[in-house]
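Hi there,

Here is the structure I promised to pass on to you. Have a look at it first, and my notes follow below.

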Amino acid sequence: MMNFSLISVYGSLFMVLCGLWSFVSYHKHLLNSLLSLEFMMLGVFWLLSTQMSSVGGEIYFSLFFLTLAACEGALGLSLLVHVVRSHGNDRFSSLSLLEC
């Protein structure tokens, strides 16, 4: 029978790989890219928290990582709102560096 920590490590690695696959394959909209990045960060957080709990390390590092991930999500959402207000949609094909 498999150990719970081994299952959680495989699950978090599967989450990171699925997030990477969705980031590579669904890159036409900015919202899809941001959601796949957040999914990858959730998988990394799960891996980090299970490894820290099994080693007996401090939980403050994983809370710091979660805080940085939340800040990254808020920054991505504000960028999405700015792009939609200025360009009308979030498709990467309609964005141009010459309009900035």
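The contact of H2 with H3 is a good place to start in this predicted model. On the H2 side, the residues that take part are Leu 30, Leu 31, Leu 34, Leu 37, Glu 38, Met 41, Val 44, Phe 45, Leu 48 and Met 52. They meet Phe 61, Ser 62, Phe 65, Leu 66, Ala 69, Glu 72, Gly 73, Gly 76, Leu 77, Leu 80 and Val 83 of H3. Sorted by class, this contact has 16 nonpolar, three polar and two charged residues.

How do the two helices lie relative to each other? Their axes come within 10 Å and cross at roughly 175 degrees. An angle over 145 degrees counts as roughly antiparallel, and H2 and H3 are therefore roughly antiparallel to each other.

Now for each helix in turn. H3 covers residues 60-87, which makes 28 residues. From its first C-alpha to its last it reaches 40 Å, close to the 40 Å expected at 1.5 Å a residue. Ser 62, Phe 65, Ala 69, Gly 76, Leu 80 and Val 83 are buried in H3, and these six names also turn up in the contact with H2. Fittingly, helix H2 is included in what covers the buried residues of H3. After H3 comes Gly 88, which has a positive phi, near 95 degrees.

H2 runs over residues 30-55. Its 26 residues should span 38 Å at 1.5 Å a residue, and the end C-alpha atoms are 37 Å apart, which agrees. The buried residues here are Leu 30, Ser 33, Leu 34, Ser 36, Met 40, Gly 43, Leu 48, Ser 49 and Thr 50. Their cover includes both H1 and H3. Leu 30, Leu 34 and Leu 48 are among the H2 residues that meet H3.

Two residues of H1 show how that helix meets H2. Ser 8 sits in helix H1, which spans residues 4-25. Is Ser 8 buried or exposed? Its relative accessibility is 2%, so Ser 8 counts as buried. Leaving aside residues up to four places away in sequence, Ser 8 touches Trp 46 and Thr 50. Thr 50 is itself one of the buried residues of H2.

Gly 19 is also found in helix H1. With 0% relative accessibility, Gly 19 counts as buried. Again not counting residues up to four places away in sequence, the residues that Gly 19 touches are Ser 36, Phe 39 and Met 40. Of these, Ser 36 and Met 40 are on the list of buried residues in H2. For a sense of scale, Gly 19 and Thr 67 are 48 residues apart in sequence and 20 Å apart in space, C-alpha to C-alpha.

Finally, the chain as a whole. Its secondary structure comes to three helices and zero strands, in the order α-α-α from the N terminus on. The radius of gyration is 17 Å, well over the 13 Å that the globule rule gives for 100 residues, so the chain is more spread out than a compact globule. Along its principal axes, the C-alpha trace spans about 55 × 30 × 15 Å. Of the 100 residues in the chain, 23% are buried. Among contacts between residues at least 6 apart in sequence, 58% join residues at least 24 apart.

Best wishes

Terms used. Residues numbered from 1 in each chain as written. Predicted model: local features only at pLDDT ≥ 70, side-chain atom pairs only at ≥ 80, totals over all residues. Heavy atoms only, no water. Helix = DSSP H or I, 4+ residues; strand = E, 2+ residues; numbered from the N terminus. Expected span 1.5 Å × (residues − 1). Buried < 20%, exposed > 50% of the residue type's maximum accessible area, 1.4 Å probe, protein only. Contact = heavy atoms within 4.5 Å. Axes fitted to C-alpha atoms, helices over the stretch in contact; angles between N-to-C directions. Parallel < 35°, antiparallel > 145°, perpendicular 65-115°, else oblique. Nonpolar A, V, L, I, M, F, W, Y, C, P; charged D, E, K, R; others polar. Rg over C-alpha atoms; globule rule 2.2 N^0.38 Å.
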